[in-house]
Amino acid sequence: MAQFIKIYPENPNANAIKKVVDVLKKGGLVIYPTDTVYGLGCDITNTKALEKIARIKGVKLAKANFSFICADLSNLSEYVKQIDTATFKILKRALPGPYTFILPGNNNLPKDFKKKKTVGIRVPDNSIANALVQALGNPIVSTSIRDEDELLEYTTDPELIYEKWDNLVDIVIDGGYGDNTASTVVDLSDGEPEIIREGKGSIDIF
């Protein structure tokens, strides 16, 4: 049964963040808030945890399209090829914010992502997500929490999320009501912005 932990986004409690990070480091799965919908995440370096998320999503890990949740743009050079000035300006303008950017991966990707030509990068404008990644010391691999109800698509109430997921994950963070619109996905892998999915982020900035 999962722990249900309340963390206030205005001032994330350091002890609560540490408790969540300790679980992530041990291979646990965590549901946490972002600036869009709630996400299901794990430590990017833990193969068993990654495989658990892939099983939950019903996909093979090698074919899964998970996002890397980063604390800021300084993380990018660890995982993506060198980007040009125009691309960096787009990222700088949009992040932190409700966007997922598809970028070309480099040779330093963790072993479970070595065969990936591109990776999805997110820097959410959410203090809880940011605190988790900073305390963990590396990105969280994440996927959105979807709802079977096609009309709802995304559950926004943390208590309802807990009821549904308490036997599948180790921690559910209550960071307040989430949004019901996912991030805007932008492919920048060839330098030119291509909108893959319109979401919460405005496409006018491109």
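**Reading the sheet and the pocket**

Biologist: I start with one residue pair: glycine 41 sits opposite serine 142, which belongs to strand 7. What counts as a strand, and when do two strands pair?

Modeller: Strands (E, at least two residues) and helices (H or I, at least four) are DSSP runs, numbered from the N terminus. Two strands pair if DSSP finds at least two bridges between them. Here strand 3 (residues 39-43) pairs with strand 7 over five bridges, in the antiparallel sense. Strand 4 also pairs with strand 7, antiparallel, over three bridges. Serine 142 in strand 7 is the bridge partner of serine 67.

Biologist: What should I know about the model itself before going on?

Modeller: It is a predicted model, in which local features need pLDDT of at least 70 and side-chain atom pairs count only at pLDDT 80 or more, while totals for chains, interfaces and linings use all residues. Residues are numbered from 1 along each chain as its sequence is written, and side-chain values use heavy atoms, with hydrogens and water left out.

Biologist: In what order do the ten strands form the sheet?

Modeller: The order is 1-8-2-3-7-4-6-5-9-10, in an open sheet with mixed pairing. Strand 1 (3-6) and strand 10 are the edge strands, each pairing on one side only. From one strand to the next the twist averages 30°. Angles run from 0 to 180 degrees between N-to-C directions, and axes are lines fitted to C-alpha atoms, for helices over the stretch in contact.

Biologist: Which helix packs on the sheet and touches strand 1?

Modeller: Contact means heavy atoms within 4.5 Å. Strand 2 (residues 30-32) pairs antiparallel with strand 3 over three bridges, and isoleucine 31 has leucine 40 of strand 3 as its bridge partner. Helix 1 (residues 14-25) packs on the sheet against strand 1, strand 2, strand 3, strand 7 and strand 8 (171-174), with its direction at about 145° to that of strand 1. Helix 5 (residues 127-136) also packs on the sheet; strand 2, strand 3, strand 4, strand 7 and strand 8 are touched, and its direction makes about 150° with that of strand 7.

Biologist: Which strands have parallel pairing with strand 8?

Modeller: Strand 1 pairs with strand 8 in the parallel sense over four bridges, and phenylalanine 4 stands opposite valine 172. Strand 2 and strand 8 are also parallel, over two bridges, with valine 30 opposite isoleucine 171.

Biologist: Is isoleucine 173 buried or exposed?

Modeller: Buried means under 20% relative accessible area, exposed over 50%, and partly exposed in between (1.4 Å probe, protein chains only). Isoleucine 173 counts as buried because its relative accessibility is 0%. Both faces of strand 8 are covered, with Ile171 and Ile173 buried on one side and Val172 and Asp174 buried on the other. Leaving out residues up to four places away in sequence, isoleucine 173 touches residues including Ile5, Val20, Ile31, Tyr38, Leu132 and Pro158. In strand 7, four of the five residues are buried. By contrast, lysine 26, in the loop between helix 1 and strand 2, is exposed because its relative accessible area is 73%.

Biologist: How is empty space found, and what lines the largest pocket?

Modeller: Rolling a probe the size of a water molecule over the atoms shows where empty space is left. A pocket is an open set of points on a 1 Å grid over the protein atoms alone, where a 1.4 Å probe fits, with protein on both sides within 12 Å along at least five of seven lines; lining residues have an atom within 4 Å of a point. Grid points are joined across faces, edges and corners, and a volume is the space filled by probe spheres set on the points. The largest pocket holds about 650 Å³ of space. Its lining has 32 residues, and Asn65, Phe66, Ser67, Thr100 and Arg197 lie nearest the centre. Strand 6 gives the largest share of that lining, four residues.

Biologist: How many of the lining residues are nonpolar, polar and charged?

Modeller: Ala, Val, Leu, Ile, Met, Phe, Trp, Tyr, Cys and Pro count as nonpolar, Asp, Glu, Lys and Arg as charged, and the others, Gly among them, as polar. The lining of the largest pocket has 15 nonpolar, twelve polar and five charged residues.

Biologist: Which backbone features should I check?

Modeller: Most residues other than glycine have a negative phi, and most peptide bonds are trans. The peptide bond from leucine 95 to proline 96 is cis, with omega near 0°. Proline 96 lies in the loop between helix 4 (85-94) and strand 5. Glycine 191 has a positive phi near 95° in the hairpin of strand 9 and strand 10, where six residues lie between the strands.
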